[in-house]
Every structure is written in structure tokens, then in C-alpha cells.
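Reader: I'm new to this one and would like a close look at a single part. Please pick one spot, stay with it for a while, and then show me what surrounds it.

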Amino acid sequence: MAGDQRNYPDILGYVTGGARHNASVVQVALAVRPRVVRAGRPFEAILLIQNAADTDVDITATLQLPAEDAKKKPNRFIVKTDKLVIGLRPAETGYVTLPITCLPDTAISDSYKIAMSLDIKPLGKARRVRATEGGGEVALEYLSDDTINRLNELKKLSFSTTRRGLMGATLEAPFNVLSADIGRLSDLKPGWESLWRLGDYRDDRLLLNQYREVLETKVLSQIRRITLHGPLVQTTLERFQRAGFDILEVEAHYIAKLMVHMLEMAVPLEDTYDYLGDDFYNVTLTLKKDAPSEDPLQLPAWCKGMLKTIETNATAADQPAKIITTLLYDELLRDAILHGFHMVAKATGEHLGSQQEQAEYCEQLISKLQNGSPRLTFSDAYMPLVIGGAIIYDRAVLKSEKVGEKLGELSEVIKSRYAEVDEDNEVVCRMADQTVDRSLQKFGYRA
């Protein structure tokens with residue numbers, strides 16, 4: 001999708017081949033799985049629902065079964081749950097499943113029909129984000145493999161958009177019943193399966209369009225180092241120690257300083273050139289520049305993570321510092337690692353591998369932090385995190401911070417870790433030493 005065009009990817013249309021029934025602010029289609037049912041066997045009603053609006057929508061789906069079979073015998077079709085209440089997020093697409101069983105003596109026929117009635121309640125002022133005749137093109141390269149597989153499984157079904165009656169929103173779908181057979185019964189359960197939300201698309205422009213105002217007024221406005229640095233130090237100490245590295249407070253201080261710097265890059269105080277900067281992390285600039293484009297928009301990992309969290313839970317926007325320093329710690333760390341490599345390479349002139357190699361290293365490091373295996377090492381903590389924090393030592397400075405003393409303390413810690421140096425991490429140790437020495441010289445602590 002390009003820019004602010006309000007015609008989001010047509011997930012439902014991709015599944016049904018374009019067929020849909022518009023009911024209020026949602027688009028629906030109904031299918032029976034399997035279409036040909038064996039008497040005595042369970043089957044499912046599948047209701048595909050696509051929110052065509054940018055607001056939350058509550059839907060009550062109620063299943064209607066044939067009252068009798070082809071031989072006029074009543075109650076041949078049984079259902080434990082005939083109603084399901086679903087809360088759709090803005091633009092979300094998913095499907096309801098309601099299991100049905102027909103008794104073994106149900107009469108054979110090819111003219112049975114089920115129906116699903118809908119009670120639809122938008123929970124806010126709704127603006128359409130998909131046209132009534134169908135949304136925008138679905139770019140499969142922007143979807144995960146899992147999502148594509150699930151969509152392609154649904155494409156195998158025959159969806160109906162036939163409306164029953166003149167009033168209300170009720171769809172009906174045909175199915176056949178053949179003679180009974182013997183076999184293992186499937187344990188089908190009623191439920192709701194989300195197929196697609198704004199945050200699932202690899203073009204972040206959709207998320208940004210939906211939550212732009214919230215991002216500006218509730219998140220970016222609350223990025224303050226005084227409220228972020230302390231919690232980030234604490235989380236860093238806990239995470240690194242749990243992963244097997246005996247990290248010290250001053251090392252966590254510089255990692256947190258780098259992470260705070262990443263957040264402050266989103267809302268820079270001035271538009272001056274920064275040779276260690278990267279406009280990609282300047283979310284304010286992205287908001288200003290966001291315009292129609294055929295290329296997907298990508299946001300910093302922490303920012304996309306924040307928007308996805310808000311998509312799931314709107315109250316998350318009321319406590320962004322807490323969410324960022326805990327729930328989104330890994331996403332912010334991902335940004336810090338990748339940009340840290342850029343800064344270290346700029347500052348030292350060292351070649352630190354290709355972007356692909358750096359990205360792989362980043363994911364391996366985060367995996368170690370998450371799983372505690374293999375144990376973290378000196379190199380994991382310092383390259384590029386602690387070193388990156390030492391490079392930007394004079395940015396994101398706290399009022400109580402004695403910059404020279406902190407650098408001196410870090411210098412002593414590095415020396416105390418010489419015993420951990422081996423062939424594999426000697427280069428990292430040397431770069432850490434040189435970086436801190438240069439920062440101390442710049443600050444006037446050494447000749």
C-alpha cells in the first residue's frame with residue numbers, strides 16, 4: 001500500500017477470489033469444511049471476517065442449522081456451541097470455526113444449508129480502510145511464510161456470500177451429506193483464528209497510519225533519559241547475569257546509555273548533522289516525510305514493537321517507558337546492536353563484517369540472552385554494546401553523572417577482565433581499551 005491511501009490489503013479477497021458480503025463495516029464469507037460431509041462425522045462452519053474499518057469491532061456470530069434432514073427427521077445436526085463473540089482490531093482479518101456433527105442416520109442429500117447471522121457493533125468512529133468492492137493488492141512478500149500457508153489452506157474451501165432473508169446480516173452456505181463411514185472422530189473445537197493484523201505486514205506504513213497520533217502524543221513525547229536510563233540499567237543487569245555473564249553496573253550503564261541514545265535519536269532536539277547518526281532511527285523525520293511510495297516503510301524495531309503492542313493493548317500507550325524497558329527490551333537492544341556496529345566501525349575504522357553478518361550476530365546474541373545458552377562472554381557484552389556506549393559517552397548524559405569518573409571506572413573494569421581475553425576476543429578487548437582511552441582524552445582526563 002502506498003502512503004495514506006485507505007485501501008489496505010484485501011486478505012479476505014485473496015482467500016475467496018474476490019467474493020465478499022459487506023455487512024456494516026466488515027466483509028464476510030461463509031464455508032463448510034469439508035464441503036461433502038459423511039453422516040456421523042463432525043464438520044465445521046467457517047466464517048471469514050475482514051474488518052474494513054480503522055476501529056475496533058465486536059461481532060456476535062450465531063450458527064443456524066437445518067431443522068430437519070432430507071427425510072424430515074428433526075435434530076439430525078448437533079452443535080455444542082452455536083454462538084461466538086469476537087473482538088476485531090482495526091483492519092484485522094480472521095475466521096470463526098464452529099464444529100457441527102450430523103447423526104449417523106442423517107439422510108443423504110446435496111441440498112443442505114447452514115447459516116451464520118451476525119450482530120456487528122463498531123466501538124468507535126469508523127473510517128473505511130478497505131473499499132466495499134475489495135481492498136488493495138496482497139503483497140505476499142510482506143507476509144510471513146506461516147500466514148501465507150494458512151491463507152492458502154483456506155483458499156481450498158468454497159466460500160459463499162449468499163445472503164439469507166431481506167433483513168439483517170445472515171449468510172448461508174450449502175453442503176452435502178453422504179452415507180456414514182467408520183473412522184476416528186476429529187476433536188473439533190469452536191474458536192477464533194486471527195489471520196492478519198496491521199502489525200503482521202512487513203510494510204510498517206499501515207501501523208504508522210493507524211497509530212500515528214498515539215505515537216506522537218503518548219510515546220515520542222515521553223522519551224526522557226531520566227525515566228529510561230535507570231530501568232534499562234536494571235533490566236540489562238538482570239538479563240545479562242541470567243545469561244551467564246557477570247556484568248558490572250558500569251558496563252550496564254554504558255549499554256543502557258547506548259539504548260537511551262537510540263530512543264533519543266527518534267526525537268532529536270535539533271536537525272544538525274551527526275556523523276554517528278542514521279536517519280532510519282529518526283522517527284520524527286519519518287513522520288514528516290511519510291508520503292506515497294511503492295517501497296515498504298520500515299521503522300526501528302523498538303518503534304514497530306511499541307505500535308504492535310498498542311495494537312494488541314491500547315493502554316500500553318499510557319506507560320511507554322515501562323513497556324520499552326521491559327517488554328520491548330529485546331527490540332530496543334536489536335536497534336542498539338545494529339547501530340552500534342555502525343558507530344564502532346565509524347569510530348575505529350575497523351571492518352566489522354557485512355550487514356548480513358552483523359544481523360546474524362545480532363540475532364544470535366539476543367537468542368543467548370533469551371535462552372541463557374550458550375553462556376554470554378566478554379565479547380558478547382562489549383561488541384558492540386559497551387564499546388558503542390563508550391563512543392557516545394557524552395550523549396544522553398544524566399544530571400548526576402560524572403562522565404570522566406564513569407569512563408575511568410570502565411577503563412579499570414576492562415583491565416580487570418584481561419584474564420578473560422583469549423585469541424577469539426583479543427581484538428574486542430583492544431578496541432574497548434582504545435575507545436575508552438580516546439574518550440578520556442577527549443574529555444581531558446589523559447594526555
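Author: Let's start at E264, which is found in helix 5. Before going on, a word about the model: it is predicted, local features need a pLDDT of at least 70, side-chain atom pairs count only at pLDDT 80 or more, and totals for chains, interfaces and linings use all residues. Residues are numbered from 1 along each chain as its sequence is written, and side-chain values use heavy atoms, leaving out hydrogens and water.

Back to E264. It is buried, with a relative accessible area of 19% (buried means under 20%, exposed over 50%, partly exposed in between, using a 1.4 Å probe and protein chains only). If you skip its neighbours within four places in sequence, E264 is in contact with I223, R225 and A396 (contact means heavy atoms within 4.5 Å).

Now zoom out to the helix around it. Helix 5 covers residues 249-264; helices here are DSSP runs of H or I with at least four residues, strands are runs of E with at least two, and both are numbered from the N terminus. Two packed helices are described by the angle between their axes and the distance between the axes. Helix 5 packs against helix 11 (residues 378-391) at an angle of about 75 degrees, with the axes 7 Å apart. Those axes are lines fitted to C-alpha atoms, for helices over the stretch in contact, and the angles run from 0 to 180 degrees between N-to-C directions. The two helices are therefore roughly perpendicular (that label covers 65 to 115 degrees; under 35 is roughly parallel, over 145 roughly antiparallel, and the rest oblique). From helix 5, E251, Y254, I255, K257 and L258 take part, and they meet helix 11 residues including Y382, P384 and L385. Sorted by type, the residues of this contact are nine nonpolar, two polar and two charged (Ala, Val, Leu, Ile, Met, Phe, Trp, Tyr, Cys and Pro count as nonpolar, Asp, Glu, Lys and Arg as charged, and the others, Gly among them, as polar).

Helix 11 has a little oddity in its backbone. Most residues other than glycine have a negative phi, and most peptide bonds are trans. P384, though, is found in helix 11, and the peptide bond from M383 to P384 is cis, with omega near 0 degrees. S373 and P374 are also joined by a cis bond, with omega about -10 degrees; P374 sits in the loop between helix 10 (355-371) and helix 11.

What does helix 5 give to the largest nonpolar core? It contributes 10 residues, the most to this core. The core has 106 residues, and F240, W302 and Y382 touch the most other members (a nonpolar core is a set of buried Ala, Val, Leu, Ile, Met, Phe, Trp, Tyr and Cys residues joined through side-chain atoms within 4.5 Å). Leaving aside its neighbours within four places in sequence, W302 is in contact with M262, L263 and I324, among others.

There is also a second, separate core of 36 residues, which includes V37, I59, I100 and L118. I59 takes us to strand 5 (residues 57-64), where the side chains alternate: V57, I59, A61 and L63 point to one face and are buried, while D58, T60, T62 and Q64 point to the other and are not. Strand 5 runs antiparallel to strand 7 (residues 83-88), joined by six bridges (two strands pair if DSSP finds at least two bridges between them). In that pairing, I59 stands opposite I86.

After that, look at A91, in the loop between strand 7 and strand 8. A91 has a positive phi of about 65 degrees although it is not a glycine, and it is buried, at 0% relative accessible area. Strand 8 (residues 93-102) is mostly covered too, with nine of its 10 residues buried. Nine bridges join strand 8 to strand 4 (residues 42-51), and the two run antiparallel. In strand 8, Y95 stands opposite L48, and the bridge partner of Y95 in strand 12 is E193.
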